[in-house]
Each structure stands twice: as C-alpha cells, then as structure tokens.
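Work through the following exercises with the model at hand, taking each solution one step at a time.

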Amino acid sequence: CWLWTASTDTSGYGLFCVGRRLVKAHRYSLSLHESLTDGLIVMHSCDTPRCVNPAHLSQGTQADNAHDRDRKGRWVRGRGNTKLT
C-alpha cells in the first residue's frame with residue numbers, strides 16, 4: 001500500500017482540493033493511470049481506504065464492491081435489534 005498521509009474524510013479516504021473542488025485521493029491516483037468510467041466507483045483490493053497505490057485500485061459497480069465485501073467477510077450483520085455492548 002501507498003498510504004495517504006494528508007487529510008481524510010470520516011471514512012478514512014484521502015482528500016485534497018484541486019482548485020475549489022474536493023477530490024478523493026484514490027480516485028485521482030487511478031485516474032493518472034487509466035481513464036475513469038462515469039458511473040463506476042474505485043475499489044481497493046487491499047481494503048485500505050488510505051491506499052493510493054494504483055496496483056491496488058480498480059473500477060467496478062457498487063454491486064461489484066458489495067460482492068467483494070461479502071466474499072472477504074468484511075460485513076458484520078446482526079440479527080433483529082442487535083446491540084453491541
């Protein structure tokens with residue numbers, strides 16, 4: 001991973017400004033290496049929000065990202081009215 005060390009959003013993704021526009025660092029990193037397709041998101045194979053290494057980034061749909069999350073077991077599901085104590 002190449003970890004972003006500047007500003008992050010509340011989810012841990014790197015952020016910076018280009019002019020007056022706020023840009024996510026991982027999206028910008030991938031855009032330097034390939035054209036981004038409208039409507040697709042940038043996914044991390046390493047599951048590290050601060051990572052900007054283009055080798056760890058790919059484009060996909062929200063469904064692709066959810067499938068990846070579920071396949072890797074990154075989603076915690078409770079039953080009914082589950083509360084953590």
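Patches are made of residues with over 30% relative accessible area and no salt bridge, where like charges are joined within 9 Å and nonpolar side chains (Val, Leu, Ile, Met, Phe, Trp, Tyr) within 5 Å. The model is predicted, so that local features need pLDDT of at least 70 and side-chain atom pairs pLDDT 80 or more, while totals for chains, interfaces and linings use all residues. Residues are numbered from 1 along each chain as its sequence is written, and side-chain values use heavy atoms, leaving out hydrogens and water.

**Exercise 1.** Determine which residues form a nonpolar patch on the surface.

Solution. The patch consists of V18, Y28 and L32, which together have about 280 Å² of accessible area (Shrake-Rupley method, 1.4 Å probe, with only the protein chains shown as cover for residues). Of these, Y28 belongs to helix α1, residues 25–31 (helices are DSSP runs of H or I with at least four residues, strands runs of E with at least two). With a relative accessible area of 37%, Y28 is partly exposed, a class between buried, under 20%, and exposed, over 50%.

**Exercise 2.** Describe the surroundings of H44, which is found in strand β3.

Solution. Begin with burial: H44 has a relative accessible area of 9% and is therefore buried. Next, list its contacts (heavy atoms within 4.5 Å): leaving aside residues up to four places away in sequence, H44 touches Y13, H26, P49, C51, H56, L57, D68 and K72. Finally, the side chain of H44 reaches the backbone oxygen of T48 at 3.5 Å.

How values were computed:
Buried means under 20% relative accessible area, exposed over 50%, partly exposed in between (1.4 Å probe, protein chains only). A polar contact is a pair of N or O atoms within 3.5 Å; within protein, one must be able to donate a hydrogen and the other to accept it, and residues adjacent in sequence count only if both atoms are side-chain atoms. A salt bridge is a side-chain nitrogen of Lys or Arg within 4 Å of a carboxyl oxygen of Asp or Glu.
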